[in-house]
Amino acid sequence: MTVTHNNQEFSLNCPLPIQQYPQILLAHGGGGKLMRQLIEKMFLPAFNSGNSPHDSATLNLPTGKIAFTTDSYVINPLFFPGGDIGSLAIHGTVNDLAMSGARPLYLSAGFILEEGLPIETLWRIINSMKQAAEKAKVKIVTGDTKVVDKGKGDGIFINTAGVGIIEHNQIIAPQSVKPGDILIVNGDIGRHGIAIMAVREGLEFETTIESDSAPVADLVLNLLEAGVEIHCLRDLTRGGLASALNEIASDAKVNISIKENAIPVREDVRGACEILGFDPLYVANEGRFVAFVPPEKAEQTLNLMQAHPLGTNAQIIGTVTGTGNGTVTMQSIIGAGRIVDMLAGEQLPRIC
């Protein structure tokens, strides 16, 4: 049977004999027959990396620099409008590689499963990861599975690590940011955090707010292949736009100014933030990033972003005003200025 979830089709024809084992058992992580069955019947056919089972994968890498990153995903709930923990685990690591200007190639996937997790839930997540990896043009080549006692986890946690190749000579990092640089975001902010919060708290709005979770590597590679000089990129995950800008300003020892009326925020997200007492600047995103480019490249960058499906709402939101102590300021809609500080504490836990 095939069902549709968030515009994605999932097969519910689970390959494991669920009549006997409808849920994850501790033995599925015990290194014996059930664990091997889990790997051979579910993970290997879904991810189909071409590597034979062994202690490590052997990879062919082009010459040049590589980027290497890892991240863990502990989101609650596991399924949300616009995605799930599986696709999120692919998008998050692919996007981390993209922020270095790398072409993502290979991922690992480590699973910590809680005893009692329905096999069908795991199968939906595996299929979602498969589809997300295919869309992002990466291969899942190695992985690990552990099972913890019931009550000692929260269904499933996933760690993904990623390797990408850097095919250019640019240094895309905070130290490359210069006074005069223009800041461009690739779309509206705040949707991921509000989508999670709405499901978690049972909130209903006039429209369903879907997460922006998506792989942005293709958009970044389009900019690089067009010859755009990029000084820095940063995805706007936990802590949102405000924390990302503060981190870059502090590391680059520059001051940044942004304009509130230039920052794209959907009206339904803005309304939800007002109800919940959140500032959209600090709400997490999973398919949004900010690019720092020299002023002479700003228009070209904006046009290229807006021509891509993941950048249609791209906007110039501010500038690097000069060297300094890492202060980020915002000119409000009414013309007043205020300091935009780093997020203090945790606005939304278990968001990614």
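# A walk from the open sheet to the salt bridges

Start by colouring strands β10, β12, β9, β13, β11, β14 and β15: in that order, these seven strands make up an open sheet with mixed pairing. The model you are looking at is predicted.

**The edges.** Select residues 232-235 (β10) and 337-339 (β15) next. Each of these strands has a single partner, so one side of each is left without a neighbour in the sheet. If you look across the strands, the twist averages 25 degrees from one to the next.

**Inside the sheet.** Now pick β9 (residues 182-185) and β13 (residues 315-323). The two run antiparallel and are joined by four bridges. Which residue of β13 is the bridge partner of Leu-183? Click on Gly-318 to find that partner. Then add helix α8, residues 298-306, which packs on the sheet and touches β9, β12 (289-293) and β13. The direction of α8 makes about 5 degrees with that of β9.

**Salt bridges.** Time to show side chains: the structure holds twelve salt bridges. Begin with Glu-167 and Arg-103, whose side chains meet at 2.9 Å, N to O. Glu-167 sits in the loop between β8 (156-166) and β9, while Arg-103 belongs to strand β6 (residues 103-114), so this pair ties together parts that are 64 residues apart in sequence. Arg-103 is partly exposed, with a relative accessible area of 28%. Keep both residues selected and add Glu-225, because Arg-103, Glu-167 and Glu-225 are linked in a network of salt bridges.

Move on to Asp-144 and Lys-146, another salt bridge, where the closest N and O atoms are 2.8 Å apart. Are these residues buried or partly exposed? Asp-144 counts as partly exposed at 37% relative accessibility, and Lys-146 does too, at 42%.

For the next stop, select Arg-350 and Asp-154, which form a salt bridge at 3.0 Å, N to O. Here the link is between distant parts of the chain: Arg-350 lies in the segment after β15 and Asp-154 in the loop between β7 (139-148) and β8, 196 residues apart. Arg-350 is partly exposed at 29% relative accessibility, as is Asp-154 at 33%.

**A nonpolar patch.** Finish on the surface with Leu-59, Leu-61, Ile-66 and Phe-68, which make a nonpolar patch of about 390 Å². Centre the view on Ile-66, found in strand β3 (residues 65-73). Ile-66 is partly exposed, with a relative accessible area of 43%.

Terms used
Residues numbered from 1 in each chain as written. Predicted model: local features only at pLDDT ≥ 70, side-chain atom pairs only at ≥ 80, totals over all residues. Heavy atoms only, no water. Patch = residues over 30% accessible without salt bridge, like charges linked within 9 Å, V, L, I, M, F, W, Y side chains within 5 Å. Areas by Shrake-Rupley, 256 points an atom, 1.4 Å probe, with all protein chains shown as cover. Salt bridge = Lys/Arg side-chain N within 4 Å of Asp/Glu carboxyl O. Buried < 20%, exposed > 50% of the residue type's maximum accessible area, 1.4 Å probe, protein only. Pairing = 2+ DSSP bridges. Axes fitted to C-alpha atoms, helices over the stretch in contact; angles between N-to-C directions. Contact = heavy atoms within 4.5 Å.
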